[in-house]
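Here's a quick walk through a protein model for anyone at the bench. Have the structure open as you read.

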Amino acid sequence: MTKISVIIPAYNSAATLLDTITAIQNQQYLKDSFEIIVVDDGSKDGTANLVKKIPNVKLISQPNSGPAAARNNGAKNASGEILVFTDSDTVPHPNWLYELIKPFDSYQIMATTGTYSQINTQSQLSTFIQREIELKHKSYGDFILFGGTYNLA
């Protein structure tokens with residue numbers, strides 16, 4: 001079984017991060033085949049203290065350097081053969097990890113990505129962004145050249 005590292009950059013994410021981690025821990029995927037790494041990017045809201053209380057989640061702390069630097073720091077400290085990235089305000093579907101990893105069965109696949117669904121249906125901005133993402137993703141074929149780091153392996 002291929003070892004997977006799920007990397008989550010987090011900045012002032014205490015309000016949303018627990019839902020993200022819980023959804024990842026509850027994946028319909030072999031529990032011993034993936035690790036969860038949270039990279040606290042200099043949060044001031046107790047994000048690191050929250051993560052410290054969650055069993056089986058690796059915490060890396062760094063001075064505020066932005067999400068790209070946090071992802072890179074997580075990747076450097078990952079033990080997995082496949083790196084999976086998501087954001088600290090997402091709630092992955094229970095089958096998310098399985099679907100994201102499945103295409104790697106083909107030696108031709110070097111990366112995978114997916115879409116997302118809106119949770120905050122009360123926000124007009126969130127609804128607008130969701131519709132834009134849906135239209136963009138419907139226009140793609142089976143193979144694309146890039147993907148969003150909120151859902152990327």
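The notes below cover confidence, the sheet, the salt bridges and a surface patch.

## How far to trust it

Keep in mind that this is a predicted model. The protein chain averages a pLDDT of 88, and 90% of the residues score at least 70. Strand β3 (residues 57-62) does best with a mean of 98, while helix α5 (residues 124-138) comes in lowest at 73. Where pLDDT is low, the predicted coordinates shouldn't be read in detail.

## The sheet

Five strands make up an open, mixed sheet, and they line up as β3-β2-β1-β4-β5. β3 and β5 (151-152) sit at the edges with a single partner strand each, so one side of each has no neighbour in the sheet.

At the β3 end, strand β2 (residues 34-41) runs parallel to β3, and six bridges join the two. Want a pair to click on? I37 has K58 in β3 as its bridge partner.

## Two salt bridges

The structure holds two salt bridges. In one, D87 pairs with R71, with the closest N and O atoms 3.5 Å apart. This pair ties together distant parts of the chain, 16 residues apart: D87 is in the loop between β4 (82-86) and α4 (96-101), and R71 is in helix α3 (residues 67-76). R71 is buried, because its relative accessible area is just 13%, under the 20% cut-off.

The other joins K102 and E99, whose closest N and O atoms are 3.3 Å apart. K102 is partly exposed at 36% relative accessibility, and E99 is partly exposed too, at 38%.

## A nonpolar patch

On the surface, L125, F128 and I129 form a nonpolar patch with about 330 Å² of accessible area together. L125 belongs to helix α5, and its 57% relative accessibility makes it exposed.

Terms used. Residues are numbered from 1 along each chain as its sequence is written. This is a predicted model: local features need pLDDT of at least 70, side-chain atom pairs count only at pLDDT 80 or more; totals for chains, interfaces and linings use all residues. Side-chain values use heavy atoms; hydrogens and water are left out. pLDDT is the predictor's confidence in each residue, from 0 to 100. Helices (H or I, at least four residues) and strands (E, at least two) are DSSP runs, numbered from the N terminus. Patches are made of residues with over 30% relative accessible area and no salt bridge: like charges are joined within 9 Å, nonpolar side chains (Val, Leu, Ile, Met, Phe, Trp, Tyr) within 5 Å. Accessible areas come from the Shrake-Rupley method with a 1.4 Å probe; for residues, only the protein chains shown count as cover. A salt bridge is a side-chain nitrogen of Lys or Arg within 4 Å of a carboxyl oxygen of Asp or Glu. Buried means under 20% relative accessible area, exposed over 50%, partly exposed in between (1.4 Å probe, protein chains only). Two strands pair if DSSP finds at least two bridges between them.
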